[in-house]
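Please read the following report alongside the sequence and the coordinates. It deals with a core, a contact and a surface patch.

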Amino acid sequence: TVTRARSLNPAFFGEPAGKPLEYDNVLTTENSSRTIPFNVLQLEARLSDGTALWKFFSNEDISDKLPMIFEGWSREPADTVVQHWPYTFPVLRPLGNSSTERYQPIVLQPGLVYLNTMESVASAMEGSVIAARNAALLLHNKALMSES
């Protein structure tokens, strides 16, 4: 979601009304998701008319909460663009140490490699890149062995 507003509303963030906030980027934690409807809020640009463009990342549509989050929020429909994708920030729970929980296999069957088996341990694009590289090497080495 991208919207236009003058500033963040200090009261929404637990500060006295009228107190200017010293930050313009807000990152949240899993525990705060019960009280704050977004994962990331960031200032994108300050505009010459004294307003600014703000970008949100959230697992829910927060359009109805914008008047509470901002002071001077623009009610013009053209000033807010909502692109809402559920599960933008998945909650991944690592497997425990119990004997009943097991990691998924990396090689599902010959020639079929499951890259996301490590998602329960760590989730990042960098990890996916490394997993893809390792899968390509694994399949390449298997192909070389079968040729000889």
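The text below takes up the nonpolar core, then a tryptophan, then the surface patch.

The model is predicted, so that local features need pLDDT of at least 70 and side-chain atom pairs count only at pLDDT 80 or more, while totals for chains, interfaces and linings use all residues. Residues are numbered from 1 along each chain as its sequence is written, and side-chain values use heavy atoms, without hydrogens or water.

The largest nonpolar core (buried Ala, Val, Leu, Ile, Met, Phe, Trp, Tyr and Cys residues joined through side-chain atoms within 4.5 Å; buried means under 20% relative accessible area with a 1.4 Å probe, protein chains only) has 16 residues, of which Phe 38, Leu 41, Trp 54, Phe 56 and Phe 70 touch the most other members. Two or more residues come from each of β4, β5 and α1, and β5 gives the most, with three. Helices (H or I, at least four residues) and strands (E, at least two) are DSSP runs, numbered from the N terminus.

| Element | Residues |
|---|---|
| β4 | 40-46 |
| β5 | 52-57 |
| α1 | 66-69 |

Trp 73 is found in the loop between β6 and β7, and its side chain makes a polar contact of 2.8 Å with that of Thr 3 (a pair of N or O atoms within 3.5 Å; within protein, one must be able to donate a hydrogen and the other to accept it, and residues adjacent in sequence count only if both atoms are side-chain atoms). Trp 73 and Leu 8, 65 residues apart in sequence, have C-alpha atoms 8.9 Å apart.

Ile 106 lies in the loop between β7 and β8 and counts as partly exposed because its relative accessibility is 44%.

How values were computed. Buried means under 20% relative accessible area, exposed over 50%, partly exposed in between (1.4 Å probe, protein chains only).
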